[in-house]
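Good morning, everyone, and thank you for making the time. I would like to walk you through one model today, so please bring the sequence and the structure up in front of you before I start.

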Amino acid sequence: MWRMIGVRLLSLPAIMLAVALLTFALMWASPYDPAATYVAALTGQDGASQEVRDAYAAAWGLDASGPQQFWAWLTNVTRGDLGISREVPGVPVTRVLLDRLPATVLLLGASTVIVLVLSLVLGVLAARFRGSPIDTGVRMLSYVGTFAPSFWLALLAVYFFAIWGGWLPAGGTGDVRTETGIELRYLILPATTLAISQLGWFTLFVRDTLLDRMRDDHVRFAEAQGASRTGALIRSALPNALLPYVTLAGAHLPELIGGAILIESIFGWPGLGNLARRAAVSVDVPLLLAIVLGGAVLTVLGNLLADIGYRLLDPRTRRSPA
Amino acid sequence: MTTPPVLDIEDLQVRFRARHGVVSALRGPDLRLDAGGLLVVVGESGSGKTVLATALLGMLPSNAEVTGSVQVLGNQVVGASSRQLRALRRDHVALIPQGASTALNPVRTIGWQARRTVRTRRLDPQQGAARIDLELDASGLSPIDTRRAYPHELSGGMQQRVLLALSRAADPDLVIADEPTHGLDADLVDATARRLLEVQQTGAALLVITHDLRLAAALGGETAVLYGGDLLERQATLPLLDRPAHPYTRGLIGALPERGANPIVGSPPDLSALPPGCSFAPRCPLVRADCTTALPALEPIGETGMVRCPYHHEADQDMASHAAAPEQDRHAPR
């Protein structure tokens, strides 16, 4: 197990380098000129003179070749300097990230809890009452939730709960004088919408895995001893079904992060996803690289945590106590 | 007789509705087992022997159509509610499932599973635990170490002994062992038979389902031979192994390595298209025209036995010539 953790952590820098290279290459190949975009944003007009743009490019090192720029960025990163953001003018990228991180962690954490709890409850119900209207209903909703685009669901939720019903705020964070800077009722719509986009997968996975495990000999053995179907399902089948579930949870973290970009933008959530979109639109290379790298690190760590969890939960892969 | 038999099966028919038609798994065997009795049910896969065990527990899948009667201690199993079935399984029946390695929950310790058995069977926690420890100890396992272990840390033989200990915790009236020697080495067969006979000696009725004739020989009691869902022969085990009456039983015994290892020609019947007559007719060396038109009746044989073959008397000389010239059978119609 320690060996696995070591290998994963050692491979992390290589993964990050590859991700950074790919992101940089994509931005380099994009038709948008960072200098033009920035100058246009500063002056409020599109047609800034060529001299102004050149001066700006020279000041920021944008006149160097692509590999030179990447190398300069890379050497700075190894010194802990992620560069200076232009989307949030003049502020170091590290600072921007740290300011935005809590909101995103809060959103992702709340969504993850919703996904894990609801998918277990719904999946267990569907498996227990297989073939009944409960099962059919859960499966239908899961398919709809999975295949409906999350931005569409978000807009629908805003329309219904905020505009038509007026029960929940349509976006923003509310009174920033609270401890986290966010009022919790502002969290409900974004977190739920983000959760729904993943909930279907997880619910169907729990249901199908449970039904598979219900056919296991040891579950049948429990029933042959007189255990009820519900009891056998929860005590015997569920612990076995949870093993692959943990891995799935780790593997789906990137999708949640990806979903957060759309959801944060729609709800005006002050997190990294919203920032990533703005950085991409304004060709803020240092900021975007940093966010993408952060996402890569989270993905690797999420998978690692899931694998550690799997090994701790499964006695067959855990070293037996002497 | 005032006390009902532990197990009384009459005309039990089980069909499965499947996508490609109806599969008949059992076609009305009659079997009876009294307290302290021992019945070995022998058959190949597809003979209906596992369906029989599952039907006794009322645990057939929902696409099974069951008719006839199965009574455990006078309680009807066919058509019983799930509540009644649970009570019956909990209070009177113990199953020793096939495949000891998969019958224990891989992510729970043996101790956890022992406590679950005690809880499920509604035994007194202390007495139930003590009983299981006693059984583990009697089978040569350390209760403390075994309780701490996960199933994968035990050998196949140890897992088997754990299952047996768990099954005895509640002093069941009926113990069903499904392929108890499945996957075990030959030297463990005798040990398993001895442990099973101990169960019988406590007064429980024992039903052993197996394809292993060596296990039947080690157990004794009575043996019933199933084929294609039909009961073909039932006799006391030792006479049956010594002087099998039905051509199929003869074939099974002839297929044993020490009896020349002559396998029965042909393959087991297609359960979704069973022939109208004797299910063994297409493979039978003694087949006559009327075998394929109507299912033969069971005829008494020996003191208590039954055989479902009107020509079994003629079997002796025919089987001898059959064994001498096995080449002919390759061209026999399937």
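Let me begin with a term that I will need in a moment: a residue is called buried if 20 or more other C-beta atoms lie within 10 Å of its own, exposed if 12 or fewer do, and partly exposed in between. Please also keep in mind throughout that this is a predicted model.

With that term in hand, take R122(B), which sits in the loop between α4 and α5 (125–138) of chain B. Is R122(B) buried or exposed? There are 12 other C-beta atoms within 10 Å of R122(B), and because the exposed class takes in 12 or fewer, R122(B) is exposed. The backbone at this position also deserves a look, since R122(B) is not a glycine and yet has a positive phi of about 60°.

Chain B offers another residue of this kind, L73(B), whose phi is near 50°, again a positive value in a residue other than glycine. You will find L73(B) in the loop between β5 (64–72) and β6 (75–76) of chain B. Because L73(B) has 18 C-beta neighbours inside 10 Å, it counts as partly exposed.

Let me turn now to where the chains meet. On the side of chain B, 21 residues are in contact with 20 residues of chain A. The elements of chain B that give two or more residues to this side are α2 (82–92), α3 (100–103) and α4 (110–120). Sorted by class, the side of chain B that touches chain A has nine nonpolar, six polar and six charged residues.

That brings us to chain A itself, where the secondary structure comes to 13 helices and zero strands. Its C-alpha atoms fill a box of roughly 85 × 55 × 35 Å, taken along the principal axes. Of the 322 residues in chain A, 35% are buried. If we take the contacts in chain A with a separation of 6 or more, then 70% of them are accounted for by residues 24 or more positions apart.

How confident is the prediction for this chain? The average pLDDT of chain A is 84, and 93% of the residues score at least 70. Among the elements of chain A, helix α2 (residues 34–43) has the lowest mean pLDDT, at 72, whereas α6(A) has the highest, at 92.

I would like to stay with α6(A), which covers residues 133–147, and its partner α5(A), which covers residues 93–128: their axes come within 7 Å and cross at roughly 140°. That angle makes α5(A) oblique to α6(A), and the crossing is left-handed. Which residues make this contact? From α5(A) they are L122(A), L125(A) and A126(A), and from α6(A) they are I134(A), D135(A), V138(A) and R139(A). By class, the residues of this contact divide into five nonpolar, no polar and two charged.

The helix α5(A) also packs with α8(A), residues 185–214, and here the axes come within 6 Å and cross at roughly 35°. The crossing of α5(A) and α8(A) is right-handed, and the contact between them has 21 nonpolar, six polar and one charged residues.

Just before α5(A) there is a position that gives a sense of distance, namely G80(A), which lies in the loop between α4 (66–78) and α5 of chain A. With 7 C-beta neighbours inside 10 Å, G80(A) counts as exposed. If you go from G80(A) to R130(A), you move 50 residues in sequence and 54 Å in space, C-alpha to C-alpha.

The last pair I want to show is α9(A), residues 217–224, with α10(A), residues 229–251, which pack at an angle of about 140° with their axes 9 Å apart. These helices are therefore oblique to each other, and the crossing of α9(A) and α10(A) is right-handed. On the α9(A) side, H218(A), V219(A), A222(A) and E223(A) meet R229(A), A232(A), S236(A) and A237(A) in α10(A). The residues of this contact divide into four nonpolar, two polar and two charged.

To close, I would ask you to look again at the crossing of α5(A) with α6(A), which is left-handed, and at that of α9(A) with α10(A), which is right-handed. Thank you, and I am happy to take questions.

Technical notes:
Residues are numbered from 1 along each chain as its sequence is written. Chains are lettered from A and ligands numbered from 1 in the order in which they are written. This is a predicted model: local features need pLDDT of at least 70, side-chain atom pairs count only at pLDDT 80 or more; totals for chains, interfaces and linings use all residues. Axes are lines fitted to C-alpha atoms, for helices over the stretch in contact, and angles run from 0 to 180 degrees between N-to-C directions. Helices (H or I, at least four residues) and strands (E, at least two) are DSSP runs, numbered from the N terminus. Angles under 35 degrees count as roughly parallel, over 145 as roughly antiparallel, 65 to 115 as roughly perpendicular and the rest as oblique. A crossing is left-handed if the near helix is turned anticlockwise from the far one by less than a right angle, and right-handed if clockwise. Two residues are in contact if their C-beta atoms, placed from the backbone, lie within 7 Å. Ala, Val, Leu, Ile, Met, Phe, Trp, Tyr, Cys and Pro count as nonpolar, Asp, Glu, Lys and Arg as charged, and the others, Gly among them, as polar. pLDDT is the predictor's confidence in each residue, from 0 to 100.
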